[in-house]
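Good morning, and thank you for making time for this short presentation. Please keep the sequence and the structure in view while I speak.

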Amino acid sequence: MHDWTSMNDDEQSASPSRRQLLKKLTLIPLAAATVAGCAKEADRPADESASSRAVYEPTFFNAAEWAFVQAVCDRLIPADDIGPSAAEAGVPEFIDRHMQTPYAAGDIWYMQGPFVEAAPQFGYQGRLPVRDILRVGIKALDAHCQRTLGGKTFSKVDHTQQEALLKAAEAGKLELEDISAKEFFSQLLAETRMGYFCDPRHGGNKNMAAWKMIGYPGARADYTDWVEVRNRPYPLPPVDQAGKRG
């Protein structure tokens, strides 16, 4: 099972656990996203069980794209005995909703060109906004699967084949029509990571499972005494921006 919390095999072999690496991811973006204080409901546990949630119906992705997104999320961050998979944590819902924002539409980007393949430190310099990168990439990868794997789309092939395809895309060794496989993979992985660690109000991180896994307090306003504490787990459950307690 490939580790896409790390971007190369050397890092993977140096770490005994995919989840340990996840725990080392910077908390700065999370802190920036959860600066709101605790609401008066902070002591009420959140009810996020599967039976209590309605099944999410996508409003951006069509049926074929939605099947792809669910399958790929399950491979990029698969489940283990420490935490849920990205699919189980609601990341497909996050991505579907995020694709309908001004960010994903490119409305807040400079999109006038020149469109070049720049050095990594300059970021993405292409002509497609995020939502089009995903939509074009999904169609291209499904078409590649159908041509090379007996007419099956990505969501229909087995996990070993799915992981081989993703590893090839990550390394830039997969030839897709109309899009760079490496750029598609990079954007897809970024969306999956964001959805896994976001505030639950955005659709992902159901029941604050990812925050619990890394010991992140969420939107609590009363954990400043613990900022400098090392080698001791934070003793209280996380709180989301709605004031619900994990």
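What volume does the largest pocket have? In this model, which is predicted, the volume of the largest pocket comes to about 970 Å³. Its lining is made up of 32 residues. Those that lie nearest the centre of the pocket are Glu117, Tyr124, Ser180, Lys182 and Glu183. Three elements each give two or more residues to this lining, namely α7, residues 130-148, α8, residues 159-170, and α9. The largest share comes from α9, with eight residues. Sorted by class, the lining of the largest pocket holds 16 nonpolar, seven polar and nine charged residues.

Let me now step back to the protein as a whole. The protein contains ten helices and zero strands. Read from the N terminus, the order of elements is therefore simply α-α-α-α-α-α-α-α-α-α. There are 246 residues, and 43% of them count as buried. If we take the contacts between residues at least 6 apart in sequence, 64% of these join residues at least 24 apart.

I turn next to helix packing. Two packed helices are described by the angle between their axes and the distance between the axes. I shall use both quantities for two pairs that share helix α4.

The partner in the first pair is α9. Helix α4 covers residues 63-76 and helix α9 covers residues 181-197. The two pack at an angle of about 80°, and their axes are 11 Å apart. An angle from 65 to 115 degrees counts as roughly perpendicular, and α4 and α9 are therefore roughly perpendicular to each other. On the α4 side, the contact is made by Phe68, Val72, Cys73 and Leu76. On the α9 side, Phe184, Phe185, Leu188, Leu189 and Thr192 take part. By class, this contact of α4 with α9 consists of eight nonpolar residues, one polar residue and no charged residue.

The partner in the second pair is α7. The axes of α4 and α7 come within 10 Å and cross at roughly 85°. These two helices are therefore also described as roughly perpendicular to each other. From α4, the residues in this contact are Ala64, Glu65, Phe68 and Val69, and from α7 they are Arg135, Ile138, Leu141 and Asp142. How do the residues of the contact of α4 with α7 divide by class? Five are nonpolar, none is polar and three are charged. Please note that Phe68 of α4 appears in the contact with α9 and also in the contact with α7.

The loops deserve attention as well, beginning with the one between α8 and α9. Ile179 lies in that loop. Is Ile179 buried or exposed? Its relative accessible area is 14%, and because the cut-off for buried is under 20%, Ile179 is buried. Leaving aside neighbours within four places in sequence, Ile179 is in contact with Leu128, Ile133, Val136, Gly137, Ala140 and Phe184. One of these, Phe184, also belongs to the contact that α9 makes with α4. Ile179 and Leu141 are 38 residues apart in sequence, and their C-alpha atoms are 9.7 Å apart in space.

Met111 is placed in the loop between α6, residues 102-105, and α7. Apart from neighbours within four places in sequence, Met111 is in contact with Gly106, Gly126, Arg127, Leu128 and Pro129. From C-alpha to C-alpha, Met111 and Gly126 are 8.2 Å apart, with their positions 15 residues apart in sequence.

My last topic is the loop between α9 and α10, the latter being residues 209-214. Cys198 lies in this loop and counts as buried, at 8% relative accessibility. Not counting residues up to four places away in sequence, Cys198 touches Phe94, Gly204, Asn205 and Trp211. Cys198 and Ala210 are twelve residues apart in sequence and 8.7 Å apart in space, C-alpha to C-alpha.

Asn205, which Cys198 touches, is found in the same loop between α9 and α10. Asn205 has a phi near 50°, a positive value in a residue other than glycine. Its relative accessible area is 0%, and Asn205 is buried. Met208 also lies in the loop between α9 and α10. For Met208, phi is near 55°, again positive in a residue other than glycine. Met208 is buried, with a relative accessible area of 1%.

Thank you for your attention.

Definitions and conventions:
Residues are numbered from 1 along each chain as its sequence is written. This is a predicted model: local features need pLDDT of at least 70, side-chain atom pairs count only at pLDDT 80 or more; totals for chains, interfaces and linings use all residues. Side-chain values use heavy atoms; hydrogens and water are left out. Axes are lines fitted to C-alpha atoms, for helices over the stretch in contact, and angles run from 0 to 180 degrees between N-to-C directions. Helices (H or I, at least four residues) and strands (E, at least two) are DSSP runs, numbered from the N terminus. Angles under 35 degrees count as roughly parallel, over 145 as roughly antiparallel, 65 to 115 as roughly perpendicular and the rest as oblique. Contact means heavy atoms within 4.5 Å. Ala, Val, Leu, Ile, Met, Phe, Trp, Tyr, Cys and Pro count as nonpolar, Asp, Glu, Lys and Arg as charged, and the others, Gly among them, as polar. On a 1 Å grid over the protein atoms alone, a cavity is a set of points where a 1.4 Å probe fits but cannot get out, and a pocket is an open set with protein on both sides within 12 Å along at least five of seven lines; lining residues have an atom within 4 Å of a point. Grid points are joined across faces, edges and corners, and a volume is the space filled by probe spheres set on the points. Buried means under 20% relative accessible area, exposed over 50%, partly exposed in between (1.4 Å probe, protein chains only).
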